[in-house]
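Here is a friendly walk through one protein model. Keep the sequence and the 3D view open as you read.

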Amino acid sequence: MSTYWKTGNFEQPTDEELKKNQAASRKREAMRGHVLEPVVVTNARGDICTSWWGKAWCRNLESYADYSNRLERGKRYLREGSVIDLKIARGKVTAKVQGSRKTPYRVEIRISPLSEEKIDAIMQQCGHKLDSLEKLTTGELPEDMRELFLGQNGLFPSQREISFSCSCPDWALMCKHVAAALYGVGVRLDEKPLLFFELRGIDPDQFVKVTIQNRVETMLENEDRPSERIMDDADLGSLFGVL
């Protein structure tokens, strides 16, 4: 006889059971007029994400703690289409993850907003990379902005800046449903990298606008100062042997 509890672990539903429950949940939600935003993984094998920033999000997640067992189960759930709904808002992710029960589990992930000091520091870094900043406005994340996301005090949340909860009865801090949702966030970031800013409580348009303004003001302040790279006549004469 099958039971929900088995030797201290949850029984894992088969792929067929998951698909059946997913279809039933989608039908119920549609009848209620709810619009679902499912996460679709395009890679059948290998990395879940395709972009460097999406992959980096997954690596950052995997560095939090030793959740290897549940992380792998979370990946399986995500690949099987169990994250039937995932929405990202300012500092918050909500998801519905289909499991062994007919009703999807509700997952909530909260990420602390960046402090004003950290935002100022990031804007200062971006101010020296105006070409990259221009690409950012079109939804690209150039390679030379890696440090902005991965470095200390970057946009990626540390373990103490993220919290999560799930409506399932699993006692673990990170259950497989939360893991599936977190990997689902990586897929969303693959598609829309500017959601990084949204997660950390930053308005991307305002961020770019203020960064450019600050850079222009700095350049104007220094326009009357002679550059150290300009050589005077005496230096030129010495360099070329001209008296």
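What share of the 243 residues in the protein is buried? Buried residues make up 42% of them. The model is a predicted one, and its secondary structure comes to 10 helices and six strands. Among contacts between residues at least 6 apart in sequence, 72% join residues at least 24 apart.

**The sheet**

Let's begin with the strands. Four of them form an open sheet in the order β3-β4-β5-β6, with antiparallel pairing. At the edges stand β3 (83-89) and β6 (162-166); each has a single partner strand, so one side of each is left without a neighbour in the sheet. From one strand to the next, the twist averages 10°.

The table lists the pairings along the sheet, each with a residue pair to look up in the viewer.

| Strand pair | Bridges | Sense | A pair of opposite residues |
|---|---|---|---|
| β3 and β4 | six bridges | antiparallel | Val83 and Val97 |
| β4 and β5 | six bridges | antiparallel | Val93 and Ile109 |
| β5 and β6 | five bridges | antiparallel | Ile109 and Phe164 |

Ile109 of β5 is a handy residue to click on: Ile109 is the bridge partner of Val93, and Ile109 also stands opposite Phe164 in β6.

Strands β3 and β4 are also joined as a hairpin with two residues between the strands, where Gly91 takes a positive phi near 70°. Ala89 stands opposite Lys92 of β4.

Now look at the side chains. Along β4 (residues 92-97), they alternate: Val93, Ala95 and Val97 point to one face and are buried, while Lys92, Thr94 and Lys96 point to the other and are not. Strand β5 (residues 105-111) alternates as well, with Tyr105, Val107, Ile109 and Ile111 buried on one face. Arg106, Glu108 and Arg110 of β5 point to the other face and are not buried.

**Helices α2 and α7**

Next come two helices. Two packed helices are described by the angle between their axes and the distance between the axes. Here, the axes of α2 (residues 52-62) and α7 (residues 176-191) come within 8 Å and cross at roughly 160°. An angle over 145 degrees counts as roughly antiparallel, and α2 and α7 are therefore roughly antiparallel to each other. The crossing of α2 past α7 is right-handed.

From α2, the contact is made by Trp53, Gly54, Trp57, Cys58, Leu61 and Glu62. From α7 come Leu182, Tyr183, Val185, Gly186, Leu189 and Asp190. By class, this contact has eight nonpolar, two polar and two charged residues.

How enclosed is α2 by the rest of the structure? Largely, because eight of its 11 residues are buried. These are Trp52, Trp53, Gly54, Ala56, Trp57, Cys58, Asn60 and Leu61.

**A buried arginine**

One more stop before you explore for yourself. Where does Arg70 sit? Arg70 belongs to helix α3 (residues 68-79). Is Arg70 buried or exposed? Arg70 has a relative accessible area of 17%, so it is buried; the cut-off for buried is under 20%.

Leaving out residues up to four places away in sequence, Arg70 touches Asp170, Trp171, Ala172, Met174, Cys175, Lys176 and Ala179. Among these, Lys176 and Ala179 lie within the residue range of α7 (residues 176-191).

How values were computed. Residues are numbered from 1 along each chain as its sequence is written. This is a predicted model: local features need pLDDT of at least 70, side-chain atom pairs count only at pLDDT 80 or more; totals for chains, interfaces and linings use all residues. Side-chain values use heavy atoms; hydrogens and water are left out. Axes are lines fitted to C-alpha atoms, for helices over the stretch in contact, and angles run from 0 to 180 degrees between N-to-C directions. Helices (H or I, at least four residues) and strands (E, at least two) are DSSP runs, numbered from the N terminus. Angles under 35 degrees count as roughly parallel, over 145 as roughly antiparallel, 65 to 115 as roughly perpendicular and the rest as oblique. A crossing is left-handed if the near helix is turned anticlockwise from the far one by less than a right angle, and right-handed if clockwise. Contact means heavy atoms within 4.5 Å. Ala, Val, Leu, Ile, Met, Phe, Trp, Tyr, Cys and Pro count as nonpolar, Asp, Glu, Lys and Arg as charged, and the others, Gly among them, as polar. Two strands pair if DSSP finds at least two bridges between them. Buried means under 20% relative accessible area, exposed over 50%, partly exposed in between (1.4 Å probe, protein chains only).
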